[in-house]
Amino acid sequence: MGLKDDIERFREVGEERREDLKEFIQYGELGRSGPDEVRIPIKIVDLPNFEYDRLDQGGVGQGDAEVGDPVGQPQPQPGEGEEGEAGEEGGEHEYYEMDPEEFAQELDEELGLDLEPKGKRVIEEKEGPFTDITRTGPDSTLDFERMFKEGLKRKLAMDFDENFLTEVLKIEGWGPQTAYEWARGQSIPVSKAWLVDRYNEIPDDEKTTWESIEEVEENVERETTYQKIRREGIKHVPFRREDERYRHPEIIEEREKNVVVVNIRDVSGSMREKKRELVERVFTPLDWYLTGKYDNAEFVYIAHDAEAWEVDREEFFGIRSGGGTKISSAYELAALLLEEYPWSEWNRYVFAAGDSENSSNDTEERVIPMMESIDANLHAYVETQPTGTAINATHAEEVESHFAGSDNVAVAYVSSPEDVTDAIYTILSTEGDSDE
């Protein structure tokens with residue numbers, strides 16, 4: 001097998017792993033993974049290896065078989081089960097272990113996401129490339145190249161054809177004043193003093209050489225500054241103090257990418273086992289993804305029925321309660337807990353999930369205003385209804401209708417594990433479109 005085949009196989013394995021990842025998110029046993037390690041079940045490709053042939057235990061003609069033993073079949077070895085005996089130990093599944101950062105990268109590739117974490121709090125300032133320019137500084141940082149260019153531009157702007165102007169001074173009846181006025185009309189940067197000095201150097205019998213400027217232009221070839229530099233080179237560049245610039249390093253701010261994720265879950269009596277499982281299947285990969293994307297990720301878990309309380313991660317996915325539902329109670333608690341994570345320093349995500357059942361008018365009068373008041377990169381609500389939307393399950397629809405077109409509010413609907421990947425894409429792609 002050649003190198004080309006090897007590369008192709010690696011690509012196939014990569015695709016297979018992403019398919020395993022997608023299937024795992026939908027159907028896998030999420031509990032096998034921890035907060036800092038994601039364990040993805042994968043198809044293992046066994047590579048060929050050499051094993052010792054039990055039949056080949058001696059030289060030619062050697063062996064300890066008895067007359068009548070079957071030829072070409074290995075003999076049972078001590079400890080091996082007899083034919084027909086079932087094994088008592090279960091086989092182990094193979095897993096590919098990845099950290100959340102790798103998981104986030106794989107999910108980006110699988111879903112085509114492009115979420116760039118935002119740094120909030122400045123933790124360090126360091127010197128970058130010497131791109132800033134100031135008027136003062138040590139000689140070692142003088143930008144000589146820039147100064148030379150400024151001087152060269154000045155030389156080109158001030159240069160003129162001295163020989164041609166000398167001939168202009170030889171026009172009968174002109175003199176320095178008339179030559180100066182003509183030069184100004186031609187945008188020739190010559191001073192009147194230079195013309196006076198040069199006119200005084202011309203012999204009297206040559207001051208009537210030409211009858212008109214037209215005669216001079218017909219008989220004397222003008223030389224451009226470019227031609228002069230080509231012929232003589234640059235012997236002098238007029239530098240000035242104002243041309244001096246000093247290079248200073250650009251100050252680069254290193255910003256820490258902190259994120260706090262508030263996970264809210266309805267634990268009222270209507271949230272049965274299948275609904276709870278769908279919540280876990282959506283929220284757990286989101287937690288892993290954001291952990292992999294940010295330098296520092298913290299998670300807050302809130303459970304609610306008619307009231308809300310903070311729980312740990314294990315309780316969040318397994319807790320069962322009862323009674324009615326008041327989703328606004330969870331947002332009130334979230335707003336309180338988020339005071340420990342200032343918006344100026346923390347990226348904030350607020351994810352809520354439930355079956356969309358809520359107490360009368362609570363969504364419109366309390367939840368939506370609170371979502372608008374809580375600064376966050378993204379608010380998301382995930383409706384989990386395995387058997388279809390109930391008549392009074394309108395919370396998701398109300399939120400979606402109110403925030404239609406918003407770039408920091410996402411609503412997803414999950415009725416089966418097959419919907420999980422699409423729900424995750426809906427949530428993360430919405431945040432990816434935000435310019436906040």
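Two strands pair if DSSP finds at least two bridges between them. Helices (H or I, at least four residues) and strands (E, at least two) are DSSP runs, numbered from the N terminus. By that rule, β8 (residues 296-304) is joined to β9 by 4 bridges, and the two run antiparallel. Within this pair, Tyr301 stands opposite Val311 of β9.

This is a predicted model: local features need pLDDT of at least 70, side-chain atom pairs count only at pLDDT 80 or more, and totals for chains, interfaces and linings use all residues. Residues are numbered from 1 along each chain as its sequence is written, and side-chain values use heavy atoms, with hydrogens and water left out.

Now the whole sheet. It is open, has 6 strands and follows the order β9-β8-β7-β10-β11-β12, with mixed pairing. β9 (308-311) and β12 are the edge strands, each pairing on one side only. On average, neighbouring strands are turned by 20° against each other, direction ignored. Axes here are lines fitted to C-alpha atoms, for helices over the stretch in contact, and angles run from 0 to 180 degrees between N-to-C directions.

Next comes α13. This helix lies across β11 and β12, running at about 145° to β12. In α13 (residues 395-402), His395, Ala396 and Val399 are buried, meaning under 20% relative accessible area (exposed is over 50%, partly exposed in between; 1.4 Å probe, protein chains only). Seen down the helix axis, the buried residues of α13 fall within an arc of 95°, so they line one face. That arc is taken from the directions from the helix axis to the C-beta atoms. The cover over these residues includes α12, β11 (378-384) and β12 (409-414).

Then the interior. A nonpolar core is a set of buried Ala, Val, Leu, Ile, Met, Phe, Trp, Tyr and Cys residues joined through side-chain atoms within 4.5 Å. The largest has 40 residues, of which Phe283, Tyr289, Tyr349, Phe351 and Ile427 touch the most other members. Helix α9 (residues 273-293) gives the most to this core, with 8 residues. A second, separate core of 28 residues includes Ile264, Ala352, Ile368 and Val411.

Two loop residues remain. Most residues other than glycine have a negative phi. Ser187 has a positive phi, near 60°. Ser187 sits in the loop between α5 (175-185) and α6 (192-201) and is exposed, at 66% relative accessibility. Ser356 also has a positive phi, about 75°. Ser356 belongs to the loop between β10 (347-354) and α12 (362-373), but is buried, with a relative accessible area of 1%.

Terms used:
Contact means heavy atoms within 4.5 Å.
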